[in-house]
Structures are given as C-alpha cells and as structure tokens.
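I opened a fresh notebook page for this one. Below are my entries, in the order I looked things up.

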Amino acid sequence: MTYTEFLPSEYAKTVSEGKVTYRAPSNIALVKYWGKKEDQIPANPSISFTLDACATTTALTYSKLAEKGSGFSFELLFEGKDKPDFRPKIEAFFNRIESYLPFLKDYHLKIETSNSFPHSSGIASSASGMAALALCLMHIEKQLDPSINEEFFDQKASFLARLGSGSACRSIEGDLVQWGYHKGIPASSDLFAVKYPFPVHEVFHKYHDTILLVDKGQKQVSSTIGHNLMHGHPFAEQRFSQAHENITKLKEVFATGNLKGFIEVVESEALTLHAMMMTSMPYFILMKPNTLKIIEKIWQFRSTSKTHLCFTLDAGANVHVLYPQEEKEKVHQFIKDELVAYCENGQYICDRIGFGAKLLLP
Ligand code: PMV
C-alpha cells in the first residue's frame with residue numbers, strides 16, 4: 001500500500017450532521033519506536049500490547065457548514081471543559097490529514113474527549129486520544145462513502161492516527177500490534193499498524209500490566225524532541241537494526257511462550273530506549289531514582305520467587321510491570337508490599353491486555 005491509496009476520490013453521498021463516539025485504548029510498546037523520518041515514518045518497526053483500562057473516549061458531533069470554511073471549524077472539550085491549550089495539536093493534526101479527508105473544512109466539529117486515567121498521571125494520552133479521534137473522522141468518511149470496508153476503515157484510521165502521534169496507529173485493533181516494515185511480517189507497513197499475524201501462545205492472551213506512577217509530572221523532554229535527536233545519533237543505525245532483530249526474536253517467543261526470551265527482549269528494549277536518550281546530544285534522563293529502585297526490586301523478586309514478571313518503560317519515569325495471568329496473585333502482593341512505596345502518592349493502575357478500539361455510538 002502507498003499513501004495515495006488513502007486519498008479519496010469524489011464522495012458518493014452527502015451528510016448534513018451526526019454524532020459518533022469511540023473508545024480507543026492506550027498501548028505499551030515491547031519493541032520501541034524511537035526515531036522517525038519525515039511524515040511520521042518510523043525509523044524502525046515496533047510491536048505493542050494493547051491496553052484495556054487506560055483509554056480515551058471521544059464523541060464527535062459534526063454539522064455541515066453553509067459554505068466550506070477557509071480554516072477548520074472546531075470546538076474542543078476535555079472532560080467537559082474548554083481546553084484551548086489542546087487546540088494547536090488538533091489544528092496541526094487536521095492540517096496533516098486534510099488531503100486524506102477533504103471534507104474536514106465542510107463541517108463544524110465538536111470534539112468531546114475524556115480519559116479513563118488521571119490527566120496528570122504521566123501516562124501519555126496522545127496515543128489513545130489520536131486513535132479515538134481518527135476513528136470518529138473515519139466514521140464520517142464512511143457515511144460519505146458507504147463502500148468502505150472494515151479492513152480499509154481500520155487501516156486508514158491507523159494511517160491517520162499515525163499522523164497525529166506515531167504510536168497512536170497501534171491503538172486501533174488487535175491485542176498484539178505491529179507497526180513498521182519488517183521483512184518477516186507480511187503486510188507490515190510504515191504507514192499503518194497491523195494485527196500481529198502469527199500464532200501467539202496462550203500465556204500471552206491474558207497478560208497483565210500494572211503501571212506504577214513514579215512521577216506524575218509533565219515530561220521535561222517531549223517525545224517529538226526525543227525522536228528528532230535520533231538524527232545523527234552515534235548509535236542510531238545499530239539501534240534500528242537491533243529493533244528488527246528483536247522483532248524476529250519475539251516471533252519465536254510468541255509462538256512458543258518462551259517467557260525467559262520475552263523478558264530478555266522487553267527489558268533490553270526498555271533500557272535501550274533510555275540509553276538512546278542518555279547518549280543523544282543534548283542528552284537527558286527521564287528515569288527517576290525510584291524507577292531504578294523498582295527495577296532492582298523486580299530483579300530480586302524474580303530470582304527468588306521464580307516468577308516471570310518483567311518491566312518496561314515508555315518515555316518517562318513510570319514503570320510498566322508485565323506478568324502472566326497465572327502469577328497475578330503473587331505479583332499483586334509483591335507490588336503492594338514492595339513497590340507501592342516508590343510510587344508518587346502510592347498510585348498505580350492495574351491494566352491488562354485489551355483488544356482494540358470500540359464504537360460506542362451510534
Ligand atoms: O507516539 P510518540 O511520538 O509519542 O512516541 C512514543 C515513543 C515511545 O512511547 C517511547 C515508544 C513507543 O513505541 O511507544
């Protein structure tokens with residue numbers, strides 16, 4: 001597929017107004033996307049678990065304007081309140097996707113959005129938020145062109161979400177999702193994410209992710225800046241090929257349920273992501289002392305309890321603790337006894353693998 005396939009021709013229908021609501025989940029990368037080319041093309045492929053509890057719900061009310069506007073006509077409510085500081089991001093997103101959704105300036109759009117997780121939790125809402133909005137916009141396009149099938153609908157939603165925030169393209173459908181061309185994964189593409197197409201051992205069907213909120217503050221370095229620092233980074237090329245190799249390794253891991261192999265890839269990916277940050281110019285550190293304390297505790301507990309919990313990190317200080325369903329009781333107890341003390345205000349979120357976005361209305 002090339003990007004031209006997402007450029008629509010004349011629409012068959014006209015639609016004057018309507019309302020749609022989608023709930024889209026967050027996701028946590030196992031192999032990390034860090035570094036991008038122009039137009040949000042990833043420098044390497046990534047693979048993620050879709051989450052379940054952490055999600056954004058977006059309602060989009062659309063009404064046709066008497067005349068096409070010169071700019072975008074929209075209002076934005078976050079948790080019921082006007083949110084002027086979110087406007088520039090939405091405006092930039094609309095500008096990027098307008099050629100793929102040429103009806104955008106024909107409508108007034110009222111966007112009402114809310115997150116299931118606390119706003120100041122340090123959990124990025126851009127993935128779930130952009131995915132939910134992209135799905136709502138695809139719903140309008142489907143009213144204008146009813147011939148759009150489910151497969152194309154999801155692909156284009158992922159394609160559009162990617163233009164809002166790269167990792168958002170992995171929040172549309174599937175429990176295990178792959179984005180970025182990889183020679184071993186048929187249909188993989190830099191333009192949109194796909195459901196992982198190979199058999200997955202049952203141990204991974206019910207994986208848990210407990211997110212330890214180590215630092216709920218605003219990130220000091222945005223992921224946009226971080227991605228850009230991979231240009232001219234001394235270790236960039238090795239890192240990008242390592243991501244390809246790690247996806248190949250995970251193929252065996254997913255097929256066989258090899259948890260030792262899973263832990264090795266996932267923890268190494270998390271530390272490599274942060275190593276890239278620490279070795280870029282300018283360099284920066286997003287982990288906090290408590291992030292390291294938690295990692296140490298996880299390693300100790302894993303070796304003494306013979307369980308298979310492991311950690312991953314996103315671009316921040318919070319720690320995602322991943323573990324299989326069978327070890328849930330033991331790991332919960334350990335988290336309560338030993339890890340909660342390192343969380344800001346003792347806060348953490350119990351999440352698990354989910355299955356993608358849902359249409360809530362109509
Ligand atoms: O989607 P962005 O541009 O916020 O980048 C996300 C990058 C990481 O979360 C660090 C890794 C990933 O693959 O999700």
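**Entry 1: Arg170 and its partners**

I began with a side-chain pair: Arg170 and Ser46 make a polar contact through their side chains, at 2.8 Å. I kept in mind that this is a predicted model.

Where does Arg170 lie? I found Arg170 in the loop between α3 (150-164) and β8 (176-179).

Is Arg170 buried or exposed? Its relative accessible area is 4%, and buried means under 20%, so Arg170 is buried.

I then looked for further polar partners of this side chain. The Arg170 side chain also makes a polar contact with the side chain of Asn27, at 2.8 Å.

Leaving aside neighbours within four places in sequence, I listed what Arg170 is in contact with: Asn27, Ala29, Tyr33, Ser46, Ser48, Thr50, Val177, Trp179 and Ala193. I also checked Val194, which is 24 residues from Arg170 in sequence, with the two C-alpha atoms 7.7 Å apart in space.

**Entry 2: the other end, Ser46**

I moved across to Ser46 and placed it in strand β4, which covers residues 46-64. Ser46 has 0% relative accessibility, so I noted it as buried.

Which residues does Ser46 contact, leaving aside neighbours within four places in sequence? My list reads Val31, Lys32, Tyr33, Arg170, Val177, Gln178, Trp179 and Ile247. I marked Tyr33, Val177 and Trp179 here, since I had met Tyr33, Val177 and Trp179 in the Arg170 list too.

**Entry 3: Arg239**

Lys32 had come up as a contact of Ser46, and I met Lys32 again at Arg239. Arg239 lies in helix α5 (residues 236-256).

What does the side chain of Arg239 reach? I found the backbone oxygen of Lys32 at 2.9 Å from the Arg239 side chain.

Arg239 counts as buried, because its relative accessibility is 3%. Not counting residues up to four places away in sequence, Arg239 touches Val31, Lys32, Asn44, Met230, Glu269, Thr272 and Met276.

**Entry 4: Thr210**

Next I turned to Thr210, in strand β10 (residues 207-212). With a relative accessible area of 1%, Thr210 is buried.

Which side chain makes a polar contact with that of Thr210? I found Tyr323, at 2.6 Å.

Beyond its neighbours within four places in sequence, Thr210 is in contact with Val319, His320, Val321, Tyr323, His332, Ile335, Tyr348, Ile349, Cys350 and Asp351. I also looked at Ile28: 182 residues separate Thr210 from Ile28 along the chain, and their C-alpha atoms are 11 Å apart.

**Entry 5: stepping back to the whole chain**

I finished with the overall picture. The protein chain has eight helices and 14 strands, and its C-alpha trace spans about 70 × 45 × 40 Å along the principal axes.

Why does a radius of gyration of 20 Å agree with a compact globule? For 362 residues such a globule would have a radius near 21 Å, so I noted that the 20 Å of this chain agrees.

Buried residues make up 53% of the 362 residues. Of the contacts between residues at least 6 apart in sequence, 77% join residues at least 24 apart.

For the surface, I wrote down about 16000 Å² exposed, with carbon and sulfur atoms supplying 53% of it. My last note was on charge: there are 38 positive and 41 negative side chains, and the centres of the two sets lie 3 Å apart.

Notes: Residues numbered from 1 in each chain as written. Predicted model: local features only at pLDDT ≥ 70, side-chain atom pairs only at ≥ 80, totals over all residues. Heavy atoms only, no water. Helix = DSSP H or I, 4+ residues; strand = E, 2+ residues; numbered from the N terminus. Rg over C-alpha atoms; globule rule 2.2 N^0.38 Å. Buried < 20%, exposed > 50% of the residue type's maximum accessible area, 1.4 Å probe, protein only. Contact = heavy atoms within 4.5 Å. Areas by Shrake-Rupley, 256 points an atom, 1.4 Å probe, with all protein chains shown as cover. Lys, Arg positive; Asp, Glu negative; His and termini not counted. Charge placed at Lys NZ, Arg CZ, Asp CG, Glu CD. Polar contact = N/O pair within 3.5 Å; in protein donor to acceptor, adjacent residues only side chain to side chain.
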